[in-house]
Amino acid sequence: PQSAARRRLAYDELLAGQLSLALVRSKIRKIPGKPLIGDGMISARLKRALPYELTSSQTAALAEISADLSRSERMLRLLQGDVGSGKTVVALLAMAQAAEAGGQSVLMAPTEVLARQHLKTIFPLAEAAGMRAAILTGNEKGREREEILNHLASGDIDVLIGTHAVFQDGAIYRSLAFVVIDEQHRFGVQQR
């Protein structure tokens, strides 16, 4: 059994952490963002390419994200769900809204295996919707890496999927507008 003093210390530590996080979020949200408002064409093509209908939970999450993206404040949002619940598809539909507004998106995964799994899911859907997707990890080297980085800088890539390599030296975006960090808790503080 824990003593009352230990419980109080644990509570104080949790409260301090939550208050610090709230202050950081408040500060970040004050920095003006660019509203991402598209015509819905890419999103519509993407939804038609899906082999299933969105669930009500996916639709609700997407509506909230879409509303946030349409505002001039920066969005900070945590999307939670079980494995296989469709978080990647919701993220891709939000990326479609960014692409419609002329912005690029990036999805950063903690491992190359996970990044390649995301690519396998995203690439055919993005292609069907007219979005250009690519992957960038530590394994893309030489001419292949240079080509990806050139396409990224010119704006020819709408969605970049990868590991922390997506934010390393040389990764210059023409108009980065939307970032998805998968399994954020598995990254170090500096990477986050």
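**Entry 1: Phe 167 and its partner**

I looked up Phe 167 in this predicted model and found this residue partly exposed, at a relative accessible area of 41%. I then searched for aromatic pairs and recorded one in the structure. The pair joins Phe 167 to Tyr 173. A pair of aromatic rings is described by the distance of the centres and the angle of the planes. For Phe 167 and Tyr 173 I noted 6.2 Å centre to centre and 40° between the planes. I entered the pair as tilted, because the angle falls neither under 30 degrees, as for stacked rings, nor over 60, as for edge-to-face rings.

I also checked the accessibility of the partner. Tyr 173 has a relative accessible area of 14%; Tyr 173 is therefore buried, as the limit is under 20%.

**Entry 2: the protein as a whole**

I next listed the secondary structure, which comes to six helices and four strands. Along the sequence I read the pattern α-α-α-α-β-α-β-α-β-β. Taken along the principal axes, the box filled by the C-alpha atoms is roughly 60 × 40 × 35 Å. The protein has 192 residues, and I noted that 35% of them count as buried. I then turned to contacts with a separation of 6 or more, and found that residues 24 or more positions apart account for 74% of these.

**Entry 3: helix 2 against helix 4**

I examined helix 2, residues 41-49, together with helix 4, residues 87-100. Their axes come within 8 Å and cross at roughly 150°. I therefore recorded helix 2 as roughly antiparallel to helix 4, since angles over 145 degrees are placed in that class. The crossing of helix 2 past helix 4 is right-handed.

I wrote down the residues that make this contact. Helix 2 contributes Met 41, Ile 42, Ser 43, Leu 46 and Lys 47. Helix 4 contributes Leu 92, Leu 93, Ala 96, Gln 97, Ala 99 and Glu 100. Sorted by character, the residues of the contact divide into seven nonpolar, two polar and two charged.

**Entry 4: Ser 43**

Which residues does Ser 43 touch, not counting those up to four places away in sequence? I found Leu 93, Ala 96, Gln 97 and Glu 100. Ser 43 itself is found in helix 2, and each of these four partners is listed on the helix 4 side of the contact. Is Ser 43 buried or exposed? I noted a relative accessibility of 14%, so Ser 43 counts as buried.

Definitions and conventions. Residues numbered from 1 in each chain as written. Predicted model: local features only at pLDDT ≥ 70, side-chain atom pairs only at ≥ 80, totals over all residues. Heavy atoms only, no water. Axes fitted to C-alpha atoms, helices over the stretch in contact; angles between N-to-C directions. Helix = DSSP H or I, 4+ residues; strand = E, 2+ residues; numbered from the N terminus. Parallel < 35°, antiparallel > 145°, perpendicular 65-115°, else oblique. Left-handed = near helix turned anticlockwise from the far one by under 90°. Contact = heavy atoms within 4.5 Å. Nonpolar A, V, L, I, M, F, W, Y, C, P; charged D, E, K, R; others polar. Buried < 20%, exposed > 50% of the residue type's maximum accessible area, 1.4 Å probe, protein only. Phe/Tyr/Trp six-rings, centres within 6.5 Å; stacked < 30°, edge-to-face > 60°.
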